[in-house]
Amino acid sequence: MARIVTLTLNPAVDKSTTADHIIPDQKLRCATPKFEPGGGGINVSRALKRLGADSIAVFPVGGPTGVLLQELLALEEIEQHPVHTVSRTRENFIVVDASSGQQYRFGMPGMLLDVEEQQQILTVLKGLTEIPEFLVISGSLPPGVEPEFLVRIVRAAKALGIKVVIDTSGPALHQVLNEGVYLAKPNVGELSKMAGVDELDNEAVAQAAHTLVRDGKCEIVVTSLGPQGACVVTKDLVDHIPAPAVKKRSTVGAGDSMVAGLVYGLLTGLGVRETVRLGIACGSAATMNPGTELFHKADAEKLYKWLLQNTMTAATAA
Ligand SMILES: Nc1ncnc2c1ncn2[C@@H]1O[C@H](COP(=O)(O)OP(=O)(O)OP(=O)(O)O)[C@@H](O)[C@H]1O
Ligand SMILES: [Mg+2]
């Protein structure tokens, strides 16, 4: 039985290809495209699978792209609870210029999720036969969805004793934190916005996260700092952990991979400090792969071991 449910309100199919040179006006001959499932929670489900944990992915789907999304997820053996929508699932486009190695990412607007469809999402979540331990809400909100809807979801989950993990941004993140969640994974830009400032240095990151914990908005705040690793704050702990040095190829999916590592750590009973290191290991391992590819388990395990051996001395009490 899956003890984790992921929710992706704004899923996508990611179509990626390469072209020799990207230049205007001429017809660009592209390689055979690769199709992958996309969207925050869906990526978390895929990354969890790599770590060996099953989850249930809840998401809206519509049109032929929606059918494709479901096929792709079935190939990865992800359990799905889709809600069918009138509008069609979006398809993002990613193209690598082979001459420069540069990647161009074209994100399409999300599909409309109307009020009735939103209600169905809530019904699916409330109707799960077994109550999961974690609900991971990840990604942006599509058109038609107000932050208040996420708040309703969080409220319903908390009433059932489910631990909510949130990885989103803007007003949605703000309102969900006002409701209070178990774990949040903002990046430093998202945390700065929450704190109402332009940027935060290391110490200010810990302070801003501490404020969230103190105000009861979150029990665990993991602020990801890209190549600088992450900072975890709970009521008992402040810990800055550097990311391991890796050969970075693409950072796409690093945040989602990190969230999967965090949830897997908590699910399997690791302590908070170990859990954050696993999250960093998964995030950094994801950057070692090109394009939209997530991490290889062996890379994540190796980096996790390195982090345990080299970074476990420096935590301070909060
Ligand atoms: N250049 C890098 N080198 C090594 N590790 C990295 C790099 N970029 C990201 N990571 C790893 O991935 C984790 C998450 O990255 P980041 O802080 O960029 O998240 P994010 O901004 O939420 O990403 P996303 O764009 O996927 O949402 C970091 O904590 C780190 O472990
Ligand atoms: Mg992110």
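Student: Which residues are the closest to ligand 1, and how many residues surround ligand 1?

Tutor: Please keep in mind from the outset that this is a predicted model. In this model, 18 residues surround ligand 1, and the closest are Asn187, Ser224, Gly226, Gly229 and Ser284.

Student: Where do backbone atoms lie relative to the oxygen atoms of ligand 1?

Tutor: One reads such a feature from the distance between a backbone N or O atom and an oxygen atom of the ligand. For Gly226 that distance is 2.8 Å. For Gly229 the corresponding value is 2.9 Å, and for Gly255 it is 3.0 Å. As for the ligand's surface, ligand 1 taken alone exposes 630 Å², of which the protein buries 79%.

Student: Which part of the chain does the record annotate as a domain?

Tutor: An unreviewed UniProt entry carries the annotation "domain: Carbohydrate kinase PfkB", and this covers residues 19-293. Over that range the chain is 40% helix and 22% strand. The C-alpha atoms at the two ends of the range are 18 Å apart.

Student: How should I read a strand, and why is strand 8 described as largely enclosed?

Tutor: The general idea concerns side chains: in a regular strand they alternate between the two faces of the sheet. One may therefore examine each face in turn. In strand 8 (residues 134-138), Phe134, Val136 and Ser138 on one side are buried, and so are Leu135 and Ile137 on the other, so that both faces are covered. Because 5 of the 5 residues of strand 8 are buried, this strand is largely enclosed by the rest of the structure.

Student: Which strands pair with strand 8, and in which sense, parallel or antiparallel?

Tutor: Strand 1 (residues 4-7) pairs with strand 8 in the parallel sense over 4 bridges. Within that pairing, Ile4 has Phe134 as its bridge partner. Strand 8 is also joined by 5 bridges to strand 9 (residues 163-167), again running parallel. There, Leu135 has Val164 as its bridge partner.

Student: How many residues of strand 2 are buried, and which strands are joined to strand 2 by bridges?

Tutor: Strand 2 (residues 12-19) is mostly covered, with 6 of its 8 residues buried. Strand 3 (residues 34-38) runs antiparallel to strand 2, and 5 bridges join them. Val13 and Pro37 are bridge partners in this pairing. Strand 6 (residues 90-97) runs parallel to strand 2, with 8 bridges between them. Here Lys15 stands opposite Phe93.

Student: Is Ser55 buried or exposed, and where does Ser55 lie?

Tutor: The general idea is a cut-off: a residue counts as buried if its relative accessible area is under 20%. Ser55 has 7% relative accessibility and therefore counts as buried. Ser55 lies in the loop between helix 1 (40-51) and strand 4 (56-61). The side chains of Ser55 and Ser45 are joined by a polar contact of 2.8 Å. Leaving aside neighbours within four places in sequence, the contacts of Ser55 include Ala2, Ile4, Thr6, Leu48, Ile78 and Glu79.

Student: Why does Phe59 count as buried, and which residues are in contact with Phe59?

Tutor: Phe59 is found in strand 4. Phe59 counts as buried because its relative accessibility is 0%. Leaving aside neighbours within four places in sequence, Phe59 is in contact with several residues, among them Thr8, Pro11, Ile42, Leu69, Leu73, His81, Val83 and Ile121. One may also compare sequence with space: Phe59 and Ala254 are 195 residues apart in sequence and 21 Å apart in space, C-alpha to C-alpha.

Student: What is the value of phi in Asp25, and where is Asp25 placed?

Tutor: To read this feature, one looks at the sign of phi and at the residue type. Phi of Asp25 is near 75°, a positive value in a residue other than glycine. Asp25 has its place in the loop between strand 2 and strand 3. A residue counts as exposed if its relative accessible area is over 50%. Asp25, at 83% relative accessibility, therefore counts as exposed.

Student: What is the value of phi in Glu77, and is Glu77 buried or exposed?

Tutor: Phi of Glu77 is near 55°, a positive value in a residue other than glycine. Glu77 lies in the loop between helix 2 (63-75) and strand 5 (79-84). Glu77 counts as exposed because its relative accessibility is 59%.

Definitions and conventions:
Residues numbered from 1 in each chain as written. Chains lettered and ligands numbered in written order. Predicted model: local features only at pLDDT ≥ 70, side-chain atom pairs only at ≥ 80, totals over all residues. Heavy atoms only, no water. UniProt positions renumbered as here; feature names shortened; annotations may be inferred. Buried < 20%, exposed > 50% of the residue type's maximum accessible area, 1.4 Å probe, protein only. Polar contact = N/O pair within 3.5 Å; in protein donor to acceptor, adjacent residues only side chain to side chain. Contact = heavy atoms within 4.5 Å. Near = heavy atom within 4 Å. Areas by Shrake-Rupley, 256 points an atom, 1.4 Å probe, with all protein chains shown as cover. Pairing = 2+ DSSP bridges.
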